[in-house]
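Subject: Structure handover

Hello,

I am passing a structure on to you. Please have a look at it before reading my notes below.

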Amino acid sequence: MADFASGPVDHPQSHPIIPVSDAILAPLRAICLRYPEAAEAVAFGKPTFQVRRKNFCMLYLGERGIAGFVKAAPGIQEAVIERDPDRYFRPPYLGGKGWIGCWLEPEADPDWEELADLIDESYRRVAPKRLAAALDGDR
């Protein structure tokens, strides 16, 4: 696993790894890695959280720093962005498919509880039905 806090590192035939602080990675790991078969991986030089090689939370380097992308149910993206446009946005590439972007830099004051709810929904939308259904048995 790459050390995302150490700065950009070039990999042959790959994207440079972007630095991501522990202030962002620690809470994300605590949220994302509690899910069945969740794993952290590197895609396009950024950490992602996957279930069976499908992303349910991805990091992105944008004009305001590091952001997270999560998959949302239809209609949720618009409601979340309208309610808090300084914190949430329609991400490039995946925004048209309902994904939500959330600024994660400490200056953006991320709402980790709300983000945990959004990540939960994203995991359920991406995970195989059996794994997602197992979560309901844990409640």
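To begin with one side chain, F56 has a relative accessible area of 0%, so F56 counts as buried. Please keep in mind throughout that this is a predicted model.

F56 also takes part in a ring pair. Its partner is Y35: the ring centres are 6.0 Å apart and the planes stand at 75°, which is over the 60 degrees needed, so the pair counts as edge-to-face. The two residues lie 21 residues apart, and the pair links distant parts of the chain. Y35 sits in the loop between α1 (22-32) and β1 (38-43), while F56 belongs to strand β3. Y35 is buried as well, because its relative accessible area is 6% and the limit for buried is under 20%.

The count of aromatic pairs comes to six. Ring pairs also join Y60, F69, F89 and W103 into a cluster.

Next, the largest pocket. Its volume is about 220 Å³. The residues lining this pocket are A43, F44, K46, T48, N55, M58, L59, Y60, F69, P92, Y93 and L94. Two elements, β2 (46-51) and β3 (54-62), each give two or more residues to the lining. The largest share, four residues, comes from β3. Sorted by class, the lining holds nine nonpolar residues, two polar ones and one charged one. Y60 and F69 from the ring cluster are among the lining residues.

Then the strands. In which sense do β1 and β2 pair, and over how many bridges? The pairing is antiparallel, and there are six bridges. One of the residues involved is A39, whose bridge partner in β2 is Q50. β1 and β2 form a hairpin, with two residues between them. F44 lies in the turn and has a positive phi of about 55°; F44 is also one of the residues that line the largest pocket.

Last, a residue at the surface. P85 is found in the loop between α2 (76-83) and β5 (88-89). Is P85 buried or exposed? Its relative accessibility is 53%, and the limit for exposed is over 50%, so P85 counts as exposed. P85 and C102 are 17 residues apart along the chain, and their C-alpha atoms are separated by 9.5 Å.

If you want a place to start, look at the ring pair of Y35 and F56, then at the lining of the largest pocket, and then at the hairpin of β1 and β2.

Regards

Definitions and conventions
Residues are numbered from 1 along each chain as its sequence is written. This is a predicted model: local features need pLDDT of at least 70, side-chain atom pairs count only at pLDDT 80 or more; totals for chains, interfaces and linings use all residues. Side-chain values use heavy atoms; hydrogens and water are left out. On a 1 Å grid over the protein atoms alone, a cavity is a set of points where a 1.4 Å probe fits but cannot get out, and a pocket is an open set with protein on both sides within 12 Å along at least five of seven lines; lining residues have an atom within 4 Å of a point. Grid points are joined across faces, edges and corners, and a volume is the space filled by probe spheres set on the points. Ala, Val, Leu, Ile, Met, Phe, Trp, Tyr, Cys and Pro count as nonpolar, Asp, Glu, Lys and Arg as charged, and the others, Gly among them, as polar. Rings of Phe, Tyr and Trp (its six-membered ring) pair if their centres lie within 6.5 Å; planes under 30 degrees apart count as stacked, over 60 as edge-to-face and the rest as tilted. Buried means under 20% relative accessible area, exposed over 50%, partly exposed in between (1.4 Å probe, protein chains only). Two strands pair if DSSP finds at least two bridges between them.
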